[in-house]
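Please work through the following exercises with the sequence and the model at hand. Each task is followed by a worked solution.

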Amino acid sequence: MEQERLHPEATGELSNLLYDLCLAAKIISRQVRRAGLTDILGGSGTLNVSGDLQQKLDMFANETVRNAVQHTGRVCITASEEDEGPVVCPREEQGKYVLLYDPLDGSTNIDVNVSIGTIFSIHKRVTSPKGDAGLADCLQVGRKQVAAGYILYGSSTMLVYTTGQGVHGFTLDPTIGEFLLSHPDIRTPPVGKYYSVNESNWNRWTPGVQRVVAAFKNGDGRIQAKNARYIGSLVADFHRNLISGGVFLYPGDTRSAEGKLRLLYEAAPLALVVEQAGGLATDGQRPILDLVPKHLHQKTPFIVGSKADVQFAVEVLAAERVPA
Ligand code: FDP
């Protein structure tokens, strides 16, 4: 609301949409906290469009977010990592915003009580309001996001978001059921102390990626050796590195040249957050925020975190590409 006042033209709809997402976050958070007590843990037996086994809690989170925004008149279309195609809001209720989200990221960690998260990305509608919203509204370049962020269900539940004026973190106080500003204006350290990558993929990486990871691990004259931290839950890994400084990598490999993470639901929103906090995000060549999506569930190699570390990775990978 404070930032809304900086924009005299603002109607308050974006603030209200963020508030809708807070409501969804509280409902998901409650369910995550009770997950071990209820019959909600485990796989649902179905696969999502990317072939991952859908978890029951994934589907609950997916519907909770959609239900929280679909009839408010603020959103025209939603697209989720868990759905095959976009879901258009009822014609008479279509508002001016587009919501892309990963309802429960890191879901293979649900059953073992490890932090998971919800990631969201908000764009303005680009299709004419005279017709139905469509795919063109979802396939927008990351730089055009008007807001992005995540909710981390960790030792406490946190909302971290940006509307392009810095990054702010709010912690859910469960006793009053409200998110309270706990981390105003987050800045990520320029050099990280952690590197985060699934090193079991080492033999599938290009020599360039191996060189980057080896340098983070052992130091190489230009950068100091870092400590390793990898949870395998993107939001949790990203959040730790954002606050403490670090670099997270999910590069392409021989199994998947584009890596594992989705551009629209994971990479682009976290790229906006990290850039707003003073860090960088790249696919190894181009800033993530400049990538033009071609399809909804597109994947991208992802290197994100402290500025100097991401720049270092980009330079090493560029040198690797120069023909000998
Ligand atoms: P998960 O498979 O548990 O849903 O995007 C999915 C994701 O988790 C990210 O949260 C996480 O960073 C990554 O995959 C972990 O992948 P690896 O198991 O290949 O390391």
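The exercises below treat salt bridges, a helix, a histidine, empty space and a surface patch in turn.

The model is predicted, so local features need pLDDT of at least 70 and side-chain atom pairs count only at pLDDT 80 or more, while totals for chains, interfaces and linings use all residues. Residues are numbered from 1 along each chain as its sequence is written, and side-chain values use heavy atoms, with hydrogens and water left out.

**Exercise 1. Salt bridges between distant parts of the chain**

Task: Determine which parts of the chain are linked by the salt bridges of glutamate 320 and aspartate 309.

Solution.

Step 1. A salt bridge is a side-chain nitrogen of Lys or Arg within 4 Å of a carboxyl oxygen of Asp or Glu. By this rule there are 16 salt bridges.

Step 2. Glutamate 320 pairs with arginine 211, and their closest N and O atoms are 2.7 Å apart. Because glutamate 320 belongs to helix α7 (residues 307-321) and arginine 211 to helix α4 (residues 207-218), the pair ties together parts that are 109 residues apart in sequence. Helices (H or I, at least four residues) and strands (E, at least two) are DSSP runs, numbered from the N terminus.

Step 3. Next, the exposure of each partner is assigned. Buried means under 20% relative accessible area, exposed over 50%, and partly exposed in between (1.4 Å probe, protein chains only). Glutamate 320 is partly exposed because its relative accessibility is 30%; arginine 211, at 47%, is also partly exposed.

Step 4. Lysine 226 and aspartate 309 form a salt bridge through their side chains, at 2.9 Å from N to O. This pair links distant parts of the chain, with lysine 226 in the loop between α4 and β12 (227-228) and aspartate 309 in helix α7, 83 residues apart. Lysine 226 has 10% relative accessibility and therefore counts as buried; aspartate 309, at 0%, is buried.

**Exercise 2. Helix α6 and its charged residues**

Task: Establish whether helix α6 is enclosed or open, and trace the salt bridges of glutamate 266.

Solution.

Step 1. Helix α6 covers residues 263-276, and 12 of its 14 residues are buried, so the helix is largely enclosed by the rest of the structure. Among the buried residues are Leu263, Tyr265, Glu266, Pro269 and Val274.

Step 2. Arginine 262 and glutamate 266 join in a salt bridge of 4.0 Å, N to O. Both arginine 262 and glutamate 266 are buried. Through shared partners, salt bridges connect Glu81, Arg262 and Glu266 into one network.

Step 3. Just after α6, glycine 278 has a positive phi of about 100°.

**Exercise 3. The contacts of histidine 297**

Task: Locate histidine 297 and identify what its side chain reaches.

Solution.

Step 1. Histidine 297 sits in the loop between β14 (280-282) and β15 (302-305). Its relative accessible area is 16%, so histidine 297 is buried.

Step 2. The histidine 297 side chain comes to 2.9 Å from the backbone oxygen of aspartate 83.

Step 3. The side chains of histidine 297 and tyrosine 265 share a polar contact of 3.4 Å.
A polar contact is a pair of N or O atoms within 3.5 Å; within protein, one must be able to donate a hydrogen and the other to accept it, and residues adjacent in sequence count only if both atoms are side-chain atoms.

**Exercise 4. Enclosed and open space**

Task: Describe the largest cavity and the largest pocket, and name the element that gives the most to each lining.

Solution.

Step 1. On a 1 Å grid over the protein atoms alone, a cavity is a set of points where a 1.4 Å probe fits but cannot get out, and a pocket is an open set with protein on both sides within 12 Å along at least five of seven lines; lining residues have an atom within 4 Å of a point. Grid points are joined across faces, edges and corners, and a volume is the space filled by probe spheres set on the points.

Step 2. There is 1 cavity of 30 Å³ or more. The largest cavity holds about 40 Å³, and its lining includes Asp237, Phe238, Phe248 and Val304. Helix α5 (234-244) and strand β15 each supply at least two lining residues, and α5 gives the most, with 4 residues.

Step 3. The largest pocket holds about 1,000 Å³. It is lined by 32 residues, of which Met1, Gln3, Ser15, Leu18 and Tyr161 are the closest to its centre. Two or more lining residues come from each of α1 (13-33), β8 (157-162), β9 (167-173) and β10 (178-183). Helix α1 gives the most to this lining, with 7 residues.

**Exercise 5. A nonpolar surface patch**

Task: Name the residues of the nonpolar surface patch and place valine 112.

Solution.

Step 1. Val112, Val114 and Ile231 make a nonpolar surface patch of about 220 Å². Patches are made of residues with over 30% relative accessible area and no salt bridge: like charges are joined within 9 Å, nonpolar side chains (Val, Leu, Ile, Met, Phe, Trp, Tyr) within 5 Å. Accessible areas come from the Shrake-Rupley method with a 1.4 Å probe; for residues, only the protein chains shown count as cover.

Step 2. Valine 112 is in the loop between β5 (97-105) and β6 (116-124). Valine 112 counts as exposed because its relative accessibility is 54%.
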